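Hi,

Here is the structure I promised to pass on to you. Have a look at it first, and then read my notes below.

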Amino acid sequence: MAALQERREDLITLTQDLIRIPTLNPPGENYREICEYLDRRLKGAGFETQLIRAHGTPGDCDAYPRWNVVARREGRRRGDCVHFTSHIDVVDVGAGWTMDPFGGELKDGKIYGRGACDMKGGLAASIIAVEAFLATHPDYAGAIEISGTADEESGGYGGVAYLAEKGFFSPERVQHVIIPEPLQKDRVCLGHRGGWWAEIETFGEIAHGSMPFLGDCAVRHMGAVLDRFEDRLYPAMAARHTEMPVVPEGARSSTMNINSIHGGQPEQAPGSTALPSHCVPDSCRIVIDRRYLVEESLDSVRGEIVDLLEGLKRDRPRFDYAVRELNHVIPSMTDREAPIARTVAAAIEEVMGKEAEFVASPGSYDQKHIDRIGKLKNCVAYGPGLLELAHKPDEYVGVDDMMDSAAVMARSLAALLLPDDKNRETQE
């Protein structure tokens with residue numbers, strides 16, 4: 001704890017430095033810059049590092065290469081490996097900011113900026129926790145790894161998924177994983193709901209807008225789809241509830257968001273004064289974001305949508321459609337009695353004097369790849385910050401929260417990598 005307190009100002013500076021590298025995804029900016037920054041920092045702490053480009057993954061190109069950094073420090077004798085993995089990318093800034101989104105301003109004990117909460121604050125806290133642990137216990141067993149990974153905000157395929165395919169998260173190499181996502185400093189996140197993303201298109205026939213009866217309006221057909229969603233699908237989803245400890249409460253039911261809708265002519269370019277032509281739209285498309293529960297299956301989620309559309313095809317003249325799957329994620333859950341879950345929960349109680357809450361996330365994160373590709377089940381998300389601030393304007397992370405989370409991470413390392421007598425000394 002003394003070593004952590006000595007590093008408080010360093011934690012602030014590190015977090016600010018990370019925020020000030022604008023790693024926007026899309027398109028995937030400045031990944032190499034932030035990986036080189038982390039590479040220098042971790043080499044200085046005695047880690048052996050690798051910079052790894054995820055060639056051929058979605059979005060990877062010479063203009064926006066998908067870079068990752070993986071660092072490993074071996075202990076003085078054999079033992080387990082504990083891995084902290086954090087994503088380096090951040091989402092679009094959006095409107096409504098009163099702070100510089102890449103300024104890293106410290107105000108009233110909070111550091112502001114895009115990615116402060118999600119999740120550069122967690123990345124910084126894990127590094128400080130590891131450095132304080134190493135300074136206090138250089139004779140630890142096993143190994144410690146830290147990674148900064150690409151593209152979590154767009155599925156993680158150029159980051160953790162790629163690394164998992166290369167064996168970086170195999171149970172033979174790594175035994176415990178902590179992902180410092182912002183689920184709150186007194187919570188252990190065991191997993192997340194599943195997701196199915198798809199594009200639905202309805203078809204029509206183009207005709208002159210003054211004689212729509214000579215055509216077939218695809219937008220009206222899509223309106224029928226949306227009506228059936230409202231009348232049947234949304235009530236059915238709301239009636240389903242999960243035993244997963246998902247937060248917030250509303251996410252304990254199945255949900256679906258309509259991401260976008262496009263029909264007919266493209267929107268005019270900004271600044272254009274041209275008038276639209278008079279045409280009946282022959283195509284309308286929506287993108288849906290369907291989040292589902294561990295009690296549901298991917299096949300049932302797909303089938304429910306298709307059955308609804310097939311019903312419309314029977315009931316509605318000239319109705320036709322196509323469904324194109326964009327992506328899917330299977331729900332992931334770690335057992336609350338798993339070693340890493342019990343260890344982090346015990347450390348929360350030691351540091352904060354309160355019992356840890358076990359939760360699950362409404363949205364997916366990189367645990368899905370560690371679970372499904374890496375075949376490593378002993379993984380939790382734990383980090384500072386409030387999930388409700390992620391992707392919002394004036395996003396921030398509290399310095400005290402980062403310090404408390406760093407203490408939990410450091411105590412978790414002590415519990416997993418030190419002999420029992422040394423671990424007791426640390427707790428005392």
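Let's start with Phe213, which you'll find in the loop between strand 9 (194–203) and helix 6 (218–238). Keep in mind that this is a predicted model. Is Phe213 buried or exposed? Its relative accessibility is 64%, so Phe213 counts as exposed, because the cut-off for that word is over 50%. Phe213 also has company: together with Met211 and Leu214, Phe213 makes a nonpolar surface patch of about 330 Å².

Next, the aromatic rings. A pair of rings is described by the distance of the centres and the angle of the planes. How many aromatic pairs does the count come to? The answer is three. One pair to look up is Phe319 with Tyr321: the ring centres are 6.1 Å apart and the planes are at 35 degrees, so this pair is tilted. That label fits because planes under 30 degrees apart would count as stacked and planes over 60 as edge-to-face. Both Phe319 and Tyr321 are buried.

Rings turn up again with charged side chains. Try zooming in on Trp67: the charged end of Arg32 sits over the ring of Trp67, 4.3 Å from the ring centre. Then go to Tyr396, where the charged end of Lys110 sits over the ring, 4.5 Å from its centre.

Now the cysteines. How many disulfides are there? The count comes to zero. Take Cys61, which is in no disulfide: the nearest cysteine sulfur belongs to Cys35 and is 15 Å away. A disulfide needs two cysteine sulfur atoms within 2.5 Å, so that distance rules it out. Cys61 is partly exposed, with a relative accessible area of 29%. Cys279 is in no disulfide either, and its nearest cysteine sulfur, that of Cys217, is 12 Å away. With a relative accessible area of 36%, Cys279 is partly exposed.

Last stop: Val280. Where does Val280 sit? Look in the loop between strand 10 (255–263) and strand 11 (283–292). Val280 has a relative accessible area of 6% and is buried, since anything under 20% gets that label. Val280 and Glu205 are 75 residues apart in sequence, while their C-alpha atoms are 7.1 Å apart in space.

Happy browsing!

Key
Residues are numbered from 1 along each chain as its sequence is written. This is a predicted model: local features need pLDDT of at least 70, side-chain atom pairs count only at pLDDT 80 or more; totals for chains, interfaces and linings use all residues. Side-chain values use heavy atoms; hydrogens and water are left out. Patches are made of residues with over 30% relative accessible area and no salt bridge: like charges are joined within 9 Å, nonpolar side chains (Val, Leu, Ile, Met, Phe, Trp, Tyr) within 5 Å. Accessible areas come from the Shrake-Rupley method with a 1.4 Å probe; for residues, only the protein chains shown count as cover. A salt bridge is a side-chain nitrogen of Lys or Arg within 4 Å of a carboxyl oxygen of Asp or Glu. Helices (H or I, at least four residues) and strands (E, at least two) are DSSP runs, numbered from the N terminus. Buried means under 20% relative accessible area, exposed over 50%, partly exposed in between (1.4 Å probe, protein chains only). Rings of Phe, Tyr and Trp (its six-membered ring) pair if their centres lie within 6.5 Å; planes under 30 degrees apart count as stacked, over 60 as edge-to-face and the rest as tilted. A charge sits over a ring if NZ of Lys or CZ of Arg is within 6 Å of the ring centre and within 35 degrees of the ring normal.
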